[in-house]
Amino acid sequence: MTDAYLARIGKLIRDARQHRGWTQSQLADALGTSQSAVNRIERGNQNISLDMIARIGEALDSEIVSLGYAGPMHLRVVGGRRLSGSIDVKTSKNACVALLCATLLNAGRTTLRRVARIEEVYRILEVLGSIGVKARWINDGNDLEIVPPAELDLASMNTEAARRTRSVIMFLGPLLHRMDHFKIPYAGGCDLGTRTVQPHMTALRHFGLEVTATDGTYHAQVDRSVAPTRAIVLTERGDTVTENALLAAARHNGVTVIRNASSNYMVQDLCFFLEELGVRVEGIGTTTLTVHGVATIDRDVDYAPSEDPVEAMSLLAAAVVTESELTIRRVPVEFLEIELAVLEEMGLDHERSPEYPADNGRTRLLDLTVRPSKLRAPIDKIHPMPFPGLNIDNVPFFAAIAAAAQGQTLIHDWVYDNRAIYLTDLNRLGADVKLLDPHRVLVEGPTRWRSAEMMCPPALRPAVVVLLAMMAAEGTSVLRNVYVINRGYEDLAERLNSIGAQIEIFRDI
């Protein structure tokens, strides 16, 4: 490479490192090299191989430091290893995404603690940055500081990033208070009027928002003369629907009652955050929320979202399928109580520590030690329900757990069309999963897992379930194109390696 190219590459690497909030020493540690070597690379004073460029791009979660297209990320898994030790649960992906959207309500500075560093968060940050919001990682890249502009530049929105996250629909609630006309893109395959979108429009219409959809874009218009005159009854008890209604109600200068509201973990975290902004919310944790909104919000706030119960379930399932003894710390137990009750019925051997508060001061945590257990299939089918029922996102993990148990387990994933189909990918790894219809599978256990090479399912939780099964299978497996896992989990492979797994990240260069 010429000196000019080395200098350009070095500048790209430096910019990507600073964007992530890392020091040169932190990048050096991630690469297994010295700080002085990183310094030379960034100054363009050291030859650098394509392999090193790809490794740097991997460490910094930045394709900008690759030459051409480095290709998708894959995982090589050496299975049959026992896990041991302890691991902390990261903060909630879904809460962090909702809180990032909620920062649009606030004219002041928002500091969010221990934000999940995942692709879904990066996409929302890219969208926020493109419309003028200043965001930077602070405190060694652990926390996120967000400062909004006086005026948002929606015309400059990064539509490519917006289309890669369905969470952008939660911009509707905050933006309807900031401008009379605006437009945002929507994710491909998400049509206005479908089950997942129409409830948002029905709820926000109470605040004067009317939306039409053309050419992959929501065109929004706000009638300021319209305000809620009676309780808003959500037609679907969905998490993001409830969050959007909350975001709209927060800056409605009056009292808004939301009925049939979700009381799930990310909704509760959003309510706690709104209270930090000066918005009083009654009924947190119930299906009726009463929001005392304020017309303007201009506060410097500091908030720590709670831990992710779905990640906690992922780690619990990892211990079960690998027949390991593992301590999972900082488990938000109030959002896993039904799952633990079902697992107790199946014969799970585990121990719970005394409860303690999360950093938000409200959510109940404990440390959970899981031991190798002889599991039996549950008597009743596994099916999700709105909180406080079994979490919708935790259902796929019961497929892997059921495959490790003696007997037949019926899993009824009634919420998502076709997600159950992806669970049949476990058959490639030795499981016996029969698809009864697009929503139901019958799992026969116990399973003698076997290694395989396969493409990652396009659904987040089934993808992780396949990874966990590979960890249980003797031999070497390959899981290709794992972007979907990175959407919802921070450094999952590295963290599993820290407790005894053997997972290698690689790319096709």
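Helix axes are lines fitted to C-alpha atoms over the stretch in contact, and angles run from 0 to 180 degrees between N-to-C directions. Helices (H or I, at least four residues) and strands (E, at least two) are DSSP runs, numbered from the N terminus. This is a predicted model: local features need pLDDT of at least 70, side-chain atom pairs count only at pLDDT 80 or more, and totals for chains, interfaces and linings use all residues. Residues are numbered from 1 along each chain as its sequence is written, and side-chain values use heavy atoms, with hydrogens and water left out.

**View A. Helix 5 packs with helix 6.**
The axes of helix 5 (residues 93-102) and helix 6 (residues 119-130) come within 10 Å and cross at roughly 10°. The two helices are therefore roughly parallel (angles under 35 degrees count as roughly parallel, over 145 as roughly antiparallel, 65 to 115 as roughly perpendicular and the rest as oblique). Helix 5 contributes C96, V97 and L100 to the contact; helix 6 contributes E120, V121, I124, L125 and L128. Contact means heavy atoms within 4.5 Å. The contact residues divide into 7 nonpolar, no polar and 1 charged. Here Ala, Val, Leu, Ile, Met, Phe, Trp, Tyr, Cys and Pro count as nonpolar, Asp, Glu, Lys and Arg as charged, and the others, Gly among them, as polar.

**View B. S92 is a buried residue in a loop.**
S92 sits between strand 2 (86-88) and helix 5. Its relative accessibility is 0%, so S92 counts as buried (buried means under 20% relative accessible area, exposed over 50%, partly exposed in between; 1.4 Å probe, protein chains only). A polar atom of the S92 side chain lies 2.9 Å from the backbone nitrogen of A95. Leaving aside neighbours within four places in sequence, S92 is in contact with Y265, S306, E307 and D308.

**View C. Strand 5 pairs with strand 3 and strand 4.**
Two strands pair if DSSP finds at least two bridges between them. Strand 5 (residues 143-147) has 4 of its 5 residues buried, so it is largely enclosed by the rest of the structure. Strand 3 (residues 110-112) pairs with strand 5 in the antiparallel sense over 3 bridges. Strand 4 (residues 134-138) also runs antiparallel to strand 5, with 5 bridges. L144 in strand 5 stands opposite L112 and opposite W137. Strands 4 and 5 form a hairpin with 4 residues between them. In that turn, N139 has a positive phi of about 55°.

**View D. Four strands form an open sheet.**
The strand order is 9-10-12-11, with mixed pairing. Strand 9 (232-233) and strand 11 (280-282) are the edge strands, and each pairs on one side only. Strand 11 runs antiparallel to strand 12 (residues 288-292), joined by 3 bridges. V281 has V291 in strand 12 as its bridge partner. Helix 10 (residues 239-250) lies across strand 10 (255-259) and strand 12, at about 25° to strand 12.

**View E. Two residues other than glycine have positive phi.**
N260 has phi near 60°. N260 lies in the loop between strand 10 and helix 11 (265-276), and is partly exposed at 24% relative accessible area. R330 has phi near 65°. R330 is found in strand 14 (residues 326-332), and is buried at 18%.

**View F. Cis peptide bonds precede P388 and P446.**
The bond joining F387 and P388 has omega of about 15°. P388 is in the loop between strand 17 (364-371) and helix 14 (397-403). The bond joining G445 and P446 has omega of about 0°. P446 is in the loop between strand 20 (440-445) and strand 21 (453-455).

Definitions and conventions. A polar contact is a pair of N or O atoms within 3.5 Å; within protein, one must be able to donate a hydrogen and the other to accept it, and residues adjacent in sequence count only if both atoms are side-chain atoms.
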